[in-house]
Amino acid sequence: MNYKKLLISSIVVMAAMTSQVYAKELQAQVQKSTANSTKQTVSAPAKSATQIYPEIARLIEYNQCEEADTKIRENLNLKPNDINLLALRTVSMAKQHKLDPAQKELDKLLKQYPKNPTLHYAQGLVYLQRTTSSDVAYIKNTRQLINASLREFVEAVNLNTNYYEAYNAMGVATLKLGNTNDAVDLFNTALKINPSFATAYDNIGIVEMMNGNLDSAENYFLKAMKYNSHNPTAWYHMAQVETRRGNYSKALTWVNHSVHVNPNSSPALTLQGELYLKQGNQAAAINSFKKAQIVKPENSRPYLNLATIYENRADEEFAMEQLKTAIAINPGYTEGRLKIANMALHIKKYDQALDYYSKLIGDADYNDEAIIGLANTYYEMAKERGSNEGITTNKEVYLAYDYVNKAIEQCPDDLKLHLAKLKLARLVHQAPLAKDSLNYIIQAAGNNLMDSVIKGEAYLAMGREKDAVYTFENAINFSNSVDDDLYLAEILVHNKQFRTARQALQKALMKDPDNVIAKNGIQYINLCEIKSNEFFDIAQRQYQEKNYASAIEYCNRAIDFYHNSSQIAKLKAMSYEKELNYRGAVKYYQQYLAMNPNASDKAEVMKKIEKYKVKAQ
C-alpha cells in the first residue's frame with residue numbers, strides 16, 4: 001500500500017472538514033458501532049455511549065490508563081460484549097506495554113470484528129511498542145514491526161477517516177523510519193481533525209527539537225500543555241529543550257514535574273539523574289538512575305550513567321557490573337567492552353582484561369586500542385611478578401607482538417603502538433628491539449602534550465626513571481586547558497607519578513578554582529600519600545627487625561600508593577642488599593638517585609651501584 005499517497009489524499013479531505021462536522025460524524029460512527037454490538041438486557045450506564053467512548057479514549061491517550069481501565073470495567077459489567085469497550089481495553093493494554101495480553105485479546109477480537117478501526121489501531125500500537133522491547137527477537141525485526149504497525153494504522157483510518165489518534169500514531173511510526181516531513185504531515189492531519197489534540201502538538205515539537213529549532217519546539221510543547229494541563233510528556237520534552245539550552249536548573253524543574261506525575265518514565269528519571277549530575281548532586285543522580293533501571297530494565301542509558309559515576313569514584317568493580325549489564329542489553333556496544341578491559345587492567349584483574357581486549361582484536365573501531373591494551377596488560381603482569389614467566393604462554397605474548405607489528409604497518413606514525421611494541425619487546429627479552437622503539441619515539445615525538453606523555457611512559461618502561469620524571473614535568477608546559485591538565489594528571493596518577501600529577505591538578509585549579517575533578521584528584525593523591533607513609537613506617541620497622549623480605553613487601557605496598565618517594569626506593573634497595581639480591585639493589589638505588597639527584601649520600605650510593613652491578617653479572 002502507498003502510505004504517502006494515502007497521506008496526501010487524507011490531508012486534502014481533512015482540510016475541508018470542520019471540528020463540528022467531525023463531531024457529528026464521530027457520533028454517527030459510534031452509534032453505528034453500538035448498534036452492531038451484541039444487545040444486552042441490562043440497563044445502560046449513566047452516561048450515553050457517545051459520551052463514554054471518547055472520554056475513555058481521551059484518558060488512554062493522555063496516559064491516565066488506570067482511570068480509563070476502571071471506567072472500562074464498570075461499563076463492561078453492564079455490557080460484557082461491547083466491542084468498543086473491548087477494543088479500548090486492548091488500546092489501554094498496549095499503551096501500558098502489556099503487549100502479550102493485548103495481543104492475545106486482539107487475536108480473538110480481530111477474527112470476530114475485522115472492520116473495527118480501534119482494534120486495528122490497538123494492533124498497530126502493539127507492533128510499535130514491540131520495537132522498544134528487550135526481547136532480542138523483536139529488536140532484530142524493528143523495521144518489519146514498524147511497517148506492520150503502519151499497515152494497521154492505515155487500515156484504521158481507512159475504516160474511520162476521522163481517526164486522528166491513528167494518524168498521529170502513523171506519524172510516530174513514520175518518524176521512526178526517518179521520514180521527518182511525512183511524519184509532520186501526519187501530525188498536522190491529526191490536528192486538522194482535532195485542533196485540541198495535545199499529543200500531536202507534542203510530537204511536532206519533538207521534530208522541531210530534533211532539527212535544533214528550540215524556540216519553535218517550546219511553542220509546540222506549550223500548546224500541548226494548553227490542551228492537556230496534566231501532561232508529563234510535554235514537561236519532559238521541555239526539560240530536554242532547557243537542557244540543550246544549558247539552563248539546567250529550569251530543566252530540572254520541568255523534569256521533576258514530569259516524574260511527580262509519571263514516576264514510571266525511565267527516560268524522565270534518566271534525564272533527572274543527568275541533571276542532578278550537572279548540579280553536582282551525585283547521590284540524587286544515583287537514586288534517579290536506579291529508579292530508571294527498575295522501571296525499564298532494558299533501557300541501557302541508566303547503566304552507562306551509573307558506570308561513569310562509579311568509574312569517576314574509582315569504584316571500578318561497580319562500574320564494570322553496570323557496563324556488563326549494558327552490553328547484555330545491547331551486545332553491539334563494543335565501546336563498553338573496551339571500558340571494562342581498561343578498568344580491569346587498572347584494578348589488576350589481568351585475566352579479565354586480557355579476555356575483553358582479545359574480544360576486540362579485529363574490530364574496525366577498537367583493534368589498535370585492544371592491541372595496546374593487551375601489551376599494557378602483559379607488561380603490568382610482568383612488572384608485578386618480576387618477569388614474564390607465568391603471566392601467560394609464550395605463544396600468546398608473541399601473538400600480541402605480531403598484532404602490534406601488523407598494526408604499525410597500517411599506522412606507522414602511531415606512537416602509542418610503538419610504545420606497546422616497546423613493552424612487548426621487553427617481555428620477550430628483545431632488548432635491541434625495545435631500544436629501537438624507544439629511539440623512534442624520542443625522535444618522532446613532537447612538542448605537544450600527547451607525544452610528551454608517550455615519551456615519558458616509554459622512558460618508564462625502559463627503567464629510565466629520571467628521564468621519565470623530567471619528560472612528565474616538561475609535559476605540563478604543553479597543557480593549555482583545564483581538560484589538558486586533567487588528562488595529564490590522569491595519566492600521571494596511573495603511572496604513580498603523583499608529584500607531577502599534583503602540579504597538573506594545581507594548574508587546573510588556577511584556571512578553574514571550583515573544578516570538582518581537580519579537587520578530588522588532589523584529595524586522592526593526599527590519601528595515597530598518607531597510606532604510603534603508613535606502609536613505609538611498617539617497612540622501616542621490619543627492616544630494623546631484620547625481616548628484609550617483609551620490609552620489601554611493605555615497601556611495595558607503599559610504592560603502590562605513592563611512587564615518587566626516594567626514601568621508599570632507598571629502603572627497598574637496602575633490603576635487597578641485605579638479602580644479597582644485587583640486581584634488585586642496583587635497580588632501586590638507581591631509582592633513589594633518579595628521584596633525589598642531589599642526595600647527600602650520592603657518592604656512596606653510586607659506589608654501591610657499580611660494585612653490585614659486577615656482582616649481579
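Is Leu-580 buried or exposed? Keep that question in mind while you open this predicted model, and begin by selecting Leu-580 itself, which you will find in the loop between α32 (566-578) and α33 (582-595). Leu-580 is exposed, because its relative accessible area is 56% and the cut-off for exposed is over 50%.

**The whole chain**

Now select the entire protein chain and colour it by secondary structure, which should show 34 helices and zero strands. Of its 617 residues, 49% count as buried. If you take the contacts between residues at least 6 apart in sequence, 53% of them join residues at least 24 apart.

**Two loops with a positive phi**

Return to Leu-580 and look at its backbone, where phi is near 65°, a positive value in a residue other than glycine. This is worth a pause, because most residues other than glycine have a negative phi.

Next select Lys-546, which sits in the loop between α30 (516-544) and α31 (548-561). Lys-546 is not a glycine, and yet its phi is positive, at about 65°. Lys-546 also counts as exposed, because its relative accessibility is 63% and the cut-off for exposed is over 50%.

**Helix α24**

Select residues 415-427, which form helix α24. At 1.5 Å a residue, the 13 residues of α24 should span 18 Å, and because the C-alpha atoms at its ends are 19 Å apart, the expected and modelled values agree.

This helix is mostly covered, with 11 of its 13 residues buried. Among the buried residues are Leu-415, Leu-417 and Leu-427, and the lysines Lys-421 and Lys-423 are buried as well.

Show the side chain of Asp-414 at the N-terminal end of α24, which this residue caps, with a side-chain oxygen lying 2.9 Å from the backbone nitrogen of Lys-416. Then move to His-429, just after α24, where phi is positive, at about 60°.

**Helix α7**

For another helix treated in this way, select residues 117-130, which make up α7. Its 14 residues should span 20 Å at 1.5 Å a residue, and the C-alpha atoms at its ends are 20 Å apart, so the expectation is met. α7 is mostly covered, since 13 of its 14 residues are buried. At the start of α7, display Asn-116, from which a side-chain oxygen reaches to within 3.0 Å of the backbone nitrogen of Thr-118.

**Single residues inside helices**

Select Ala-268, which lies in helix α16 (residues 266-278). Ala-268 counts as buried, because its relative accessibility is 0% and the cut-off for buried is under 20%. If you leave aside its neighbours within four places in sequence, Ala-268 is in contact with Tyr-236, Val-255, Ser-258 and Val-259. You can also draw a line from the C-alpha of Ala-268 to that of His-237, two residues that are 31 residues apart in sequence and 9.0 Å apart in space.

Go next to Glu-242 in helix α14 (residues 232-245). This glutamate is buried, because its relative accessible area is 5%, and the cut-off is under 20%. Again leaving aside neighbours within four places in sequence, Glu-242 is in contact with Asn-247, Lys-250, Ala-251 and Trp-254.

Then select Val-614, found in helix α34 (residues 602-616). Val-614 is exposed, because its relative accessible area is 56% and exposed means over 50%. The C-alpha atoms of Val-614 and Tyr-582 are separated by 8.9 Å, although the two residues are 32 residues apart along the chain.

**The cavity**

End the tour at the one cavity of 30 Å³ or more that the structure holds. About 30 Å³ of space lies in the largest cavity. To find its place in the viewer, select the lining residues, which are Arg-58, Glu-61, Tyr-62, Tyr-164, Glu-165 and Phe-197. Which helices each supply at least two residues of this lining? They are α3 (49-61) and α10 (164-176). If you colour the lining by class, you should see three nonpolar, no polar and three charged residues.

Notes:
Residues numbered from 1 in each chain as written. Predicted model: local features only at pLDDT ≥ 70, side-chain atom pairs only at ≥ 80, totals over all residues. Heavy atoms only, no water. 1 Å grid on protein atoms, 1.4 Å probe; cavity = no way out; pocket = protein on both sides within 12 Å on 5 of 7 lines; lining within 4 Å. Points joined across faces, edges and corners; volume = space filled by probe spheres on them. Helix = DSSP H or I, 4+ residues; strand = E, 2+ residues; numbered from the N terminus. Nonpolar A, V, L, I, M, F, W, Y, C, P; charged D, E, K, R; others polar. Expected span 1.5 Å × (residues − 1). Buried < 20%, exposed > 50% of the residue type's maximum accessible area, 1.4 Å probe, protein only. Polar contact = N/O pair within 3.5 Å; in protein donor to acceptor, adjacent residues only side chain to side chain. Contact = heavy atoms within 4.5 Å.
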